Each structure stands twice: as structure tokens, then as C-alpha cells.
Amino acid sequence: MQRSRKKQSFFNTDGKMDITFLSLVLILLTIGLVMLFSASYAFSYENYGNSYRFIARQAVFAVAGVAFMLFVSTVNYHIYRKFAWIFYALIMGVLGFLLAVPPMLEGMDVKRWLVLGPINFQPSELAKFAVILLLSSLIAANYKLMEKFGFVAFLIGLIALPCVLIVLEPHLSATVLVFCLGIVLLICGGLAKRYIIGGIGIGVVGVAALIVTGAVGYASDRIQYWLNPWLDPSGKGFQTIQSLLAIGSGGIWGRGIGQSRQKHLWVPEPHNDFIFSIVCEELGLIGAMVIIILFCLLIWRGFTIAMKASDKFGSLMAIGLTFQVGLQALLNIWVVTNTIPNTGISLPFFSYGGTSLLILLAEMGIVLSISRSTNLEKT
């Protein structure tokens with residue numbers, strides 16, 4: 001009975017949070033802030049006359065985000081289950097609203113951004129969490145139905161809805177993330193093997209159909225310039241070429257922090273999606289590998305928390321949130337190194353974006369909350 005009461009309470013501070021996971025988050029965040037300042041100050045000064053514009057804003061969100069993360073880590077994560085359907089419906093409504101109105105961000109021809117006064121953010125960031133939360137809740141409550149076609153089809157429909165809305169913005173990288181998150185949660189939740197290949201096939205065919213019909217026709221251009229960016233070296237292939245030059249010039253040891261040449265108005269907006277190219281130029285192969293290893297350790301620790309979670313809901317939530325960070329980091333690095341087409345995806349803890357950083361740190365706080373319950377069960 002004591003355990004039941006603790007699950008019903010709003011706060012859970014009896015267990016100790018996982019210090020290893022927290023430390024890895026703070027290390028990545030600190031390195032990310034240092035590299036953001038280094039990558040952004042030339043661009044910031046040239047365009048805004050203030051070298052500190054981006055780092056000052058990001059630092060404020062980072063401090064607020066860490067405080068919020070620590071607060072969220074004390075909140076009983078079972079509370080979120082009560083709002084799973086409400087939150088999912090709200091985010092789907094916002095995504096649908098964006099498609100129905102002209103682009104809110106001036107100068108943009110895509111409908112990814114929601115503008116609320118001085119705050120601009122992409123609702124697709126919250127769509128990832130909405131899918132993780134709802135699927136974790138439904139699978140945990142109905143895991144015995146994972147063999148039933150009707151229930152599995154229902155879950156796939158819940159994944160498909162945000163994918164369709166996001167790909168029509170268009171935002172292909174976020175679509176891939178949501179789809180992969182959903183499939184991973186289905187598999188970890190006990191999806192019958194006969195449904196796995198079929199589900200993946202439906203998703204691939206769906207995205208391909210949207211591309212072929214012209215709904216996301218821009219993707220074909222990106223594939224073309226991915227295969228050969230030199231087809232338009234001063235236009236659509238410019239960013240990729242400059243990124244590869246930055247990575248190559250870094251060598252093994254790098255030029256040193258602050259010594260990048262490509263950030264001086266060569267790599268377009270080096271503080272955003274292509275910040276990892278500046279990391280490679282300044283820190284070299286060794287520094288880049290250290291950062292990749294830190295991401296791998298964070299993923300390992302998150303999965304460890306998931307495996308030792310006190311219930312299926314907590315386990316699936318930790319898996320989903322950890323996998324999101326790992327997959328997003330992997331896709332960003334692949335894009336920057338031209339391993340896959342440019343999809344416009346940020347590097348967690350590094351790329352500029354205050355609201356996205358705040359959301360990310362809040363999600364890490366949920367993983368820490370799950371780790372508290374894990375420790376509580378151990379004692």
C-alpha cells in the first residue's frame with residue numbers, strides 16, 4: 001500500500017536520482033555552450049553587431065532548463081499518464097492549425113514554427129514527447145494486446161497521424177524521428193514479430209508516396225545534392241561542401257577552440273544544424289570522438305535506467321526519451337558528414353534554440369525521475 005500511495009503523490013524525492021546520467025547531461029550541455037559561443041560569435045557580430053547574442057540567450061535557457069530539469073526530476077512521472085491523451089490531442093490540434101494558416105515565421109515558406117509573441121518554437125518537438133507519452137501509457141496498460149492486430153493497427157494510426165501532419169509542413173527529419181520513436185516503442189513493448197516488418201514497410205511506403213506525389217518534393221532535390229553537392233557549389237550544395245571542408249581541415253587534433261575558419265561566414269548559420277562541423281574543425285577527430293562517446297554513454301545510462309525501472313510505463317518512457325536523443329544526435333552527425341541528405345535536424349545540447357533546449361532538459365528530468373523510483377525499489 002505504501003508503494004501505491006507514492007505513485008499517487010505528485011512528488012517523489014525519496015529515491016536518489018542517477019548522478020551518472022545527470023553528470024553526462026551537464027557535461028554535454030557545458031561543452032555545447034562553449035562550442036555554441038565559438039561557432040556563433042562571428043555570425044552573430046556580422047548579422048546583429050553583437051558577438052554574444054546567441055550565447056547569451058542560450059545560456060539563459062540553459063540555466064532555466066537545468067533548474068526545470070531538477071524540478072521535473074522530483075515529480076512523480078506517473079502523473080503524466082493522466083494527461084497523455086489530452087496532450088496528444090492538443091499537439092495534433094496545433095500541428096493541424098499550422099497547416100491551415102500561412103507560415104507564422106516571416107521569410108519562411110514552411111509551416112514548422114508557432115509564434116507566440118517573442119517565443120518561436122516547433123510543435124514537432126513536443127509531438128515527439130506526445131507520442132512517447134501516449135504509446136508508453138497505452139502499451140503499459142494493454143501489453144497483453146500487443147499480439148492483436150486491431151490494437152497494433154490502432155497504435156500505428158496514433159504514430160501515423162503526427163507523421164502525416166509533420167511531413168506536410170514539410171519537415172522530413174522530424175517525421176523520421178517520430179516514426180522511428182513509435183516503432184521502437186512498439187518493438188520494446190512486445191510487438192509480435194510478424195507486425196514489425198509490415199509496420200516499417202507501411203511507414204516507408206507512406207513517406208515515399210508523399211514524396212512521389214509532390215507533397216514533399218523538396219526531398220528529391222536534397223537527395224540529388226547529397227549525391228553530388230558540386231552540382232550547385234554556390235547554391236544548394238554550398239552548405240554541405242563548406243561543412244566537409246571544415247571537418248577535413250580539423251584533422252586529428254583540430255585547430256583549437258575559437259580557431260575555426262569556416263565559421264567566418266562560410267558555413268551558413270554555423271550555430272544551428274551544422275555546429276558539429278565547427279566542432280570537428282576546432283577539436284579535430286579526437287574531440288569529435290570524445291563527444292560521440294559522451295552521447296553513447298548517455299544513451300547507455302538511459303537504457304540502464306529503463307531496464308531497472310519499477311514498471312513498464314517508466315521503462316518505455318525512459319527508452320523513448322533516451323532513444324530520441326541518441327537518434328537525433330546520430331542523424332545530425334550523418335547529415336553534417338554528408339552520410340545522409342540534409343534534413344535540417346539539430347544536435348542535442350549543442351545547436352542553438354532556447355525552447356528546444358528547455359524541452360530537452362525537461363525530458364531528461366523525466367528520465368531522472370524514473371531513476372529515483374528505480375533507486376527506491378532497490379532499497
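Helices here (H or I, at least four residues) and strands (E, at least two) are DSSP runs, numbered from the N terminus. With that settled, here's the quick tour. This is a predicted model, where local features need pLDDT of at least 70 and side-chain atom pairs count only at pLDDT 80 or more, while totals for chains, interfaces and linings use all residues. Residues are numbered from 1 along each chain as its sequence is written, and side-chain values use heavy atoms, with hydrogens and water left out. The things to look at are four salt bridges, one cavity of 30 Å³ or more, a nonpolar surface patch and some backbone oddities around Pro170, Asn338 and Phe349.

**Salt bridges**

- There are four salt bridges in the structure, each being a side-chain nitrogen of Lys or Arg within 4 Å of a carboxyl oxygen of Asp or Glu.
- Take Arg301 and Asp18, whose closest N and O atoms are 2.8 Å apart. This bridge spans 283 residues, from Arg301 in helix 11 to Asp18 in the loop between helix 1 (2–8) and helix 2 (19–48).
- Asp18 is buried at 10% relative accessible area; the cut-offs are under 20% for buried, over 50% for exposed and in between for partly exposed (1.4 Å probe, protein chains only).
- Arg255 pairs with Glu281, with 3.2 Å between the closest N and O atoms. Arg255 sits in the loop between helix 10 (238–250) and helix 11, and Glu281 in helix 11, so this bridge ties together parts 26 residues apart in sequence.
- The two partners differ in cover: Arg255 is partly exposed at 29%, whereas Glu281 is buried at 0%.
- Lys263 and Glu282 also form a salt bridge, at 3.0 Å from N to O. Here the loop between helix 10 and helix 11 supplies Lys263 and helix 11 supplies Glu282, 19 residues apart.
- Both ends of that pair are tucked away, with Lys263 buried at 0% relative accessible area and Glu282 buried at 1%.

**The cavity**

- Just one cavity of 30 Å³ or more turns up. On a 1 Å grid over the protein atoms alone, a cavity is a set of points where a 1.4 Å probe fits but cannot get out, and lining residues have an atom within 4 Å of a point.
- The largest cavity has a volume of about 140 Å³, a volume being the space filled by probe spheres set on the points, with grid points joined across faces, edges and corners.
- Its lining has 16 residues, and Gln328, Ser346, Pro348, Ser356 and Leu360 are the closest to its centre.
- Helix 12 (312–336) and helix 13 (354–378) each put at least two residues into the lining of the largest cavity. Helix 13 gives the most, with five.
- By type, the lining of the largest cavity is seven nonpolar, seven polar and two charged residues. In that count, Ala, Val, Leu, Ile, Met, Phe, Trp, Tyr, Cys and Pro are nonpolar, Asp, Glu, Lys and Arg are charged, and the others, Gly among them, are polar.

**Nonpolar surface**

- Ile252, Trp253, Leu285, Ile286, Met289, Val290, Ile293, Leu297 and Trp300 make up a nonpolar surface patch with about 910 Å² of accessible area together.
- Patch members have over 30% relative accessible area and no salt bridge; like charges are joined within 9 Å, nonpolar side chains (Val, Leu, Ile, Met, Phe, Trp, Tyr) within 5 Å. Accessible areas come from the Shrake-Rupley method with a 1.4 Å probe, and for residues only the protein chains shown count as cover.
- One of the members, Ile293, lies in helix 11 (residues 275–307) and is partly exposed at 45%.
- Elsewhere, Phe97 in helix 4 (residues 84–100) is partly exposed at 40%.

**Backbone oddities**

- Most residues other than glycine have a negative phi, and most peptide bonds are trans.
- Glu169 and Pro170 are joined by a cis peptide bond, with omega about -5°. Pro170 is in the loop between helix 6 (149–167) and helix 7 (172–188).
- Asn338 has a positive phi, near 65°, and sits in the loop between helix 12 and helix 13, buried at 17% relative accessibility.
- Phe349 is in the loop between helix 12 and helix 13 too. Phe349 has a positive phi of about 75° without being a glycine, and is buried at 4%.

Methods. 1 Å grid on protein atoms, 1.4 Å probe; cavity = no way out; pocket = protein on both sides within 12 Å on 5 of 7 lines; lining within 4 Å.
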